[in-house]
Amino acid sequence: MVEFYIGTEVINELPVNRLPKFYSFGVPTYTNLGDQAVSLAQKKYIEREFPEYQFIEILEDDNDEGIEVVKKAIRPGDIVSFVGGGNMGSLYTDHEEARRKVFATFVDNLTISFPQSIHFEDNEHGKAEEKLSQEAYAKNPHLFLIARDAQSYHRMQTTFENKVLFTPDMVLYMKSVKHEVKRSSALIVLRHDSEKVVKQTTVDALRALLSKNSSVDETDTVLDTVNRITPANREKLFREELELFAKQEIIVTDRWHAMVFSVLTGTPCLLFGNSYGKGKHAYFDWLEHINWVSYTDEDDVELLQRQINELKQVEIHEYNIKDDFNQLKHIIQLNSNKYGF
């Protein structure tokens, strides 16, 4: 039986009412809080900016069954979407296969691929997956792809025939949060997957460097304290993660969303790259002007020490990137106007 979520409430049948629907497919249940924050931010964006729509989330676990149920209920003017993040391409084929099915099914409605980074590997596997995605995406003339970094924007334009937009990652739509806590430690937040490129010698040097002045904890944005996350417990876990970040004097990470959490909490952050540059490019596209976060490819310990010391000294300032979401806002407004919502 399919689980649909409206707010934090789970239902097994779609509501029957006259409200236009905004269907969000691909909502994760795995424990990566970065991806969970993306789906939470999408929900908040639509509910705040377009309250005329009833926002309905479909878990990725229920993708195939959810498609069949929505096919029977969808009406002209309803919007279909697929969750954003960093998994468009050949590295995470389960997500890409689910995305293809959604895009190729709802070809008569406005379809939005929320902000993504894209990476099809330059090998036989990557080229085969790319062709499958091209065929699926091309079936939908109403599909808008949204890139969250300039590198992905250009790759989407050259890979697909669909319209491509350019906005920040959805989590940057979230309001910054001030925590009245004392910052007293350092936090290393590094990947443990195929995207990791930071050398272990660099990690060891950083750990030794940071431990000279404060206690050092190591974590990941992938939780091991829970087995499953849904819209029912997602926001609580996200808020707890922000509280953890707010207690730190410095964050050292190669995870894009760990840097975003640092932005939201005003926590100094040094960002390293991943295997295909999604964090680096998104940083320079949207966040280079924010004083308390910085990007580095450095592995010289003295230079890293200098960068960290400089970050700890900066003052927090106001920032506002809400207007950077205007391309997304425009296509939804056009749909609302067309159907008189």
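Contact here means heavy atoms within 4.5 Å. The model is predicted, so local features need pLDDT of at least 70 and side-chain atom pairs count only at pLDDT 80 or more, while totals for chains, interfaces and linings use all residues. Residues are numbered from 1 along each chain as its sequence is written, and side-chain values use heavy atoms, without hydrogens and water.

**Exercise 1.** Determine which residues join helix 1 to helix 11, and how the two helices are oriented.

*Solution.*
1. Helices are DSSP runs (H or I, at least four residues), numbered from the N terminus.
2. Y45, I46 and E49 of helix 1 meet L328, K329 and I332 of helix 11.
3. By class, this contact has four nonpolar, no polar and two charged residues (nonpolar: Ala, Val, Leu, Ile, Met, Phe, Trp, Tyr, Cys and Pro; charged: Asp, Glu, Lys and Arg; polar: the others, Gly among them).
4. Helix 1 (residues 33–49) and helix 11 (residues 326–338) pack at about 55°, with axes 12 Å apart; axes are lines fitted to C-alpha atoms over the stretch in contact, and angles run from 0 to 180 degrees between N-to-C directions.
5. The pair is therefore oblique, that is, not under 35 degrees, over 145 or 65 to 115.

**Exercise 2.** Place I332 and helix 8 in the largest nonpolar core.

*Solution.*
1. Such a core joins buried Ala, Val, Leu, Ile, Met, Phe, Trp, Tyr and Cys residues through side-chain atoms within 4.5 Å; buried means under 20% relative accessible area (1.4 Å probe, protein chains only).
2. Of its 79 residues, F25 and I332 touch the most other members.
3. Helix 8 (residues 256–265) gives the largest share, seven residues.
4. In helix 8, 10 of 10 residues are buried.

How values were computed. Buried < 20%, exposed > 50% of the residue type's maximum accessible area, 1.4 Å probe, protein only.
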